[in-house]
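Colleague: Could you walk me through this model, one feature at a time?

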Amino acid sequence: MQTFDQQFLALRKQYIEAQFGRLNPMQKQAVFHTNGPLLILAGAGSGKTTVLVNRIANLIRFGSAYNSTWLPRPATADDCAALQSALQGGPLAPGLEPMLRDGAVRPWNVLAITFTNKAAGELKERLARMLGETMGADVNASTFHSACVRILRREADRLGYPSSFTIYDSDDQQRAMKQVYKDLEIDEKFLPLKNCLGSIGRLKDQMVSPADALEAGADSRADLVARVYEAYQNKLKSAGAMDFDDLIYNTVRLLEEVEECRRYYRDRFRYILVDEYQDTSVAQFRLVYLLGCAHNNVCVVGDDDQSIYRFRGATIENILSFEQHFPGAQVIRLEQNYRSTSNILDAANCVIRNNRGRKGKTLWTENGAGAQVHHYEADSEADEAQHVAAVIGKNLREGAALRDHAVLYRMNAQSGPLETYFARSGIPYKIIGGQRFYDRKEVKDMLSYFALTANGQDDLRLRRIINEPARKIGAATVDKVAAIAAARGMSMLDVAGQAASFAELGRSAQPLAKFYGIIQQLRDLLQSGDLGEFAAQALDVTGYRAMLESQGEEGQARLENLGQLVSSMRTYADQKGEEATLSGFLEEVALISDIDNYDENADRVVLMTMHAAKGLEFPYVFILGLEEGIFPSELSRYSDEDLEEERRLCYVGITRAKKELWLCSSRSRLIFGQTRRNCPSRFLEEIDPNLLDEQGGRTPAWGGGWGQRTAQPSAGAPSWGAAPARPAPGRTARPAAWGAATAGRPAAAPRAAAAQKPAARCVYAPGDRVEHKVWGKGTIRKVTPMAGDMLLEIQFDAAGLRKTMANYTPITKIE
DNA sequence: ACTAGCCACTTTTTT
DNA sequence: AGTGGCTAGT
């Protein structure tokens, strides 16, 4: 009888292991670790998401059975035979399930914190696939901010907030701060507003209250900031609003101060997992600790080399001292990289090893060496963009998909030239970041109406829209209303509601009452109709539609944006069904970031900052602007700490690439309205030259330089030419179709002149029918040879007449 | 109260 | 370079 137990246990182990695919020994350890604190140091591309998902799935399905010898009852020969057959691919007998578990965890007792909403969604999706729809849905997976909002909505009254509190974004923060500056008579020149908001944010990240800050006040600036902090906080409180930092700060305070809550949520979240732990703040650590220190089942995953959010309060300390905070923590390192070629990985290692104070780890891979890392030195930002477009065009013709390409840069402002060239070449692209849809003025105005409908205390949102569209309520009137509200402890909306009873409002009372009537009407609409209907009606009730309709073309465009807002409200209402609330929608809007909407299945080139690219991977990656003053950024150049953060950012950027990586720098760059000449980035110099394939006119010793491109009519297609190309030392022959973008290279020019015959597949003639990825089918009208390329004028059936360069355009000939 | 025109400022990175 | 906020004029 004992013998069957032994046999069954061995089979059970095999069976459980088989459920999680191929794992290396370290990954296996992490997945089957169940109780107690765990720190996973996971290098880039080491399969940590898979580990995370599998670890949760194992907890829920098998508990600690993998490492345990416990059985609910003695095993029989039949049990062994049944499990054996399941192992060989047969179905699992239902009676066996209990025999495979030891203390399985219920899904709703698991809290998984990810960095983006998108990552949370993907985690749940993968869990649903492994465990079944309901089980997957029951796991709590969200960002810190979303998790906190959910808690705060339930418990808001304990902190003196309405449960429909408004979430302020950075624009709202600035407006609120402007008011505070006015009240306290502070000059913005004396204490820059954004600067001050930043300082207050850092204080909140460290759980410093206004009172603490007032007490600490190290110098006169800190003292002033503390006073502003206090006033700002009061302003938000009376508006029933929280900013992003408050969401975390207030949740921590709630758990610290209210024992009942602490007990409830500790019991609720018995297993906690935190991804991207290197980017957590002190406040976020406190939250994890408050929830996790009792049951001690805290698993964090991070990589100190990928810490890139120190600027917004993240401390690398959290990772470095995890073992002190959670005694007995097991530490597992995942150092095998499954993502990149060894050339790419080596380049990343070259860069990051220049940082001091690392936990220290070396990524390695069994993937092949792959192509060299390309470095292209451009003449200008336009040349850089053109080169990117040309390489993408070439890759497309060789069968790559648009979505395989990502273009990464340091600042959003760098996307401009790329847009120009991509649009010109008809390369479909998607920009992540920059101005969000919900940040557009008209959208924010409409959202302010919604917020005021949900939360009448929100004076800030009221100020924004009380005279938008114009209602003859001027600044003077608004100030009077604010004064009355302050004196009587009322909200501005309520003052407007009783405007007639305040003599000092005089003739303004009427428009004020009318405004109040509009909000009343919105409230009624909200009560009676569904959310989608409410949103649609709101456009009319507020007079916003009428205003835009009178504004011609631009108003029309804005109206379309509002149409989009209405339809996103409809979508939300349909998705949530009964649970849909206005506050819920507003919250989603406030917390959703651009990257959350990124759809990797849409076939487009994606453009974003390296920050936004964290956690993503692409076969082909371009990193632009590797110049001193751009990357590393001007502002980081004089502080070693900031420089190291830039270097980590570079490491993150490089390790996004799977197959090929292009690093670009430019000798001159037009940015912020100024042309600047920058040296190549130190990060480029740090990479072993043997790993690099140099392109672009690095040393224009002869014949190089500007104007070359147009001066060499058939500079393209050199390697099709008669002369077998002998690559210049330190360079690799570049593929033919890169055409004009690389024509300025000294080595290319003489050979190019000899090369004449373009490849047959590239010949287009007027009358040819072609198909374009975006513009659809069309007929070629005119062909003008140009710099080894051809300028095509194509009459598209649907998209009209377009001019485009043949080599940069995703077109194919059709019959 | 509204409009036009001017000036200043922005730009690191984001939930 | 472009945008947004502010002032002065109507």
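Modeller: We'll go through confidence, the DNA strand, one helix pair and some backbone details.

Colleague: What should I know before I start reading?

Modeller: This is a predicted model, with pLDDT of at least 70 needed for local features and 80 or more for side-chain atom pairs, while totals for chains, interfaces and linings use all residues. Residues count from 1 along each chain as written, chains are lettered from A and ligands numbered from 1 in written order, and side-chain values use heavy atoms, without hydrogens or water.

Colleague: What pLDDT does chain A average?

Modeller: pLDDT is the predictor's confidence in each residue, from 0 to 100. Chain A averages 84, and 90% of the residues score at least 70. Watch residues 698-761, though: pLDDT stays under 50 there. For that stretch the model has 100 contacts (heavy atoms within 4.5 Å) beyond four places in sequence.

Colleague: Which residues come nearest to DNA strand B?

Modeller: A residue is near a strand if one of its heavy atoms lies within 4 Å of it. There are 20 residues around DNA strand B, and Lys194, Arg410, Asn412, Leu635 and Phe672 come nearest. By class, the surface near the strand has eight nonpolar, seven polar and five charged residues. Nonpolar here means Ala, Val, Leu, Ile, Met, Phe, Trp, Tyr, Cys and Pro; charged means Asp, Glu, Lys and Arg; the others, Gly among them, are polar.

Colleague: Which part of the DNA faces the protein, and where are the polar contacts?

Modeller: Of the strand B atoms within 4 Å of the protein, 59% belong to sugar or phosphate, the rest to bases. For polar contacts with the DNA, look for a pair of N or O atoms within 3.5 Å. Lys194 puts a polar side-chain atom 2.2 Å from a phosphate oxygen of strand B, and Asn467 has one 3.5 Å from a phosphate oxygen. His145 instead has a polar side-chain atom 3.2 Å from a base oxygen.

Colleague: How do H28 and H29 meet?

Modeller: Helices are DSSP runs (H or I, at least four residues), numbered from the N terminus. Leu565, Ser568, Met569, Tyr572 and Lys576 in H28 meet Leu582, Gly584, Phe585 and Glu588 in H29. That contact has five nonpolar, two polar and two charged residues.

Colleague: And where are the cis peptide bonds?

Modeller: Check omega. Glu468 to Pro469 is cis, with omega near 0°, and Pro469 is in the loop between helix H22 (459-465) and helix H23 (475-488). A cis bond also joins Phe631 and Pro632, where omega is about 10°.

How values were computed. Polar contact = N/O pair within 3.5 Å; in protein donor to acceptor, adjacent residues only side chain to side chain. Helix = DSSP H or I, 4+ residues; strand = E, 2+ residues; numbered from the N terminus.
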